[in-house]
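I am opening these notes to keep track of what I look up in this structure, one place at a time. What follows is a careful reading for someone who has not seen it before.

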Amino acid sequence: GINAEYGVNQLLYSQLFVPFTTSKLSTLSANPISFKDAFDPLAELEEEAGDSQNYIHVRVFQRSGKKCVTNVEGLDADLDLERILKTLKKSLCCNGNIVNDKELGRILQLSGDQRIHIKNFLVSEGLASKSKVQVHGY
């Protein structure tokens, strides 16, 4: 009984682990595997990158020591940024300016960490919905 079982196991082993010959390797390289219908995890990120233009990003940057600057990106071009900046500067008691960036367009810069205040201002004035304002931290 032992030799019969050993023979069956040996036969299965030889069928599973057949070494490649050069003819089998040439057919593998001639017919590459196609992944046309495969799931692409980076496609979702590329779609989100295209949608990021719809969001208003409020970021804070560390300047030097304890000083920091808050940037507001993604505001519509048809908005009067000078008027918005003037209102924000008066209501938050801080300084600010408008920076022209080649990639991002016009950016509001305010001194200090004003992320929460800016988000509340944009939502209360009806300039953006709460879901469209993304607040980023350090």
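**Entry 1: naming the elements.** Before using labels such as α4, I note that helices are DSSP runs of H or I with at least four residues, that strands are runs of E with at least two, and that both are numbered from the N terminus. I also keep in mind that I am working with a predicted model.

**Entry 2: the end of α4.** I looked at what follows α4 and found C93, whose phi is positive, near 55 degrees. I marked this because C93 is a residue other than glycine with a positive phi. C93 lies in the loop between α4 and β3, and I took its relative accessible area, which is 72%; since exposed means over 50%, C93 is therefore exposed.

**Entry 3: α4 itself.** I went back along the helix and noted that α4 has 12 residues and reaches 16 Å from its first C-alpha to its last, which is close to the 16 Å expected at 1.5 Å a residue. Which residues of α4 are buried? I listed L81, I84, L85, L88 and L92. They cover an arc of only 100 degrees around the axis, so they sit on the same side of α4. On the face turned away from that buried side I found the exposed residues R83, K86 and K90. I then checked what covers the buried residues of α4, and the cover includes β3 (96-101), β4 and α5.

**Entry 4: the largest nonpolar core.** This core has 17 residues, and those touching the most other members are L75, L88, L108, L110, I118 and L122. The elements giving two or more residues to this core are β1 (56-62), α4 (81-92), β4 (105-111) and α5 (115-124), and the largest share, 5 residues, comes from α4. I added a general remark, that in soluble globular proteins nonpolar side chains tend to be buried together. I followed L110 further and, not counting residues up to four places away in sequence, found that L110 touches a list of residues including L85, L88, L92 and I118.

**Entry 5: H136.** Where is the place of H136? I found H136 in the segment after β5 (133-135). H136 has a relative accessible area of 25%, so I wrote it down as partly exposed. Leaving aside neighbours within four places in sequence, H136 is in contact with H57, V58, R59, V60 and R115. I looked more closely at one of these pairs: H136 and H57 are 79 residues apart in sequence, while their C-alpha atoms are 7.2 Å apart in space.

Note on methods:
Residues are numbered from 1 along each chain as its sequence is written. This is a predicted model: local features need pLDDT of at least 70, side-chain atom pairs count only at pLDDT 80 or more; totals for chains, interfaces and linings use all residues. Side-chain values use heavy atoms; hydrogens and water are left out. Buried means under 20% relative accessible area, exposed over 50%, partly exposed in between (1.4 Å probe, protein chains only). Contact means heavy atoms within 4.5 Å. A nonpolar core is a set of buried Ala, Val, Leu, Ile, Met, Phe, Trp, Tyr and Cys residues joined through side-chain atoms within 4.5 Å. The expected span of a helix is 1.5 Å times one less than its number of residues. The arc is that of the directions from the helix axis to the C-beta atoms.
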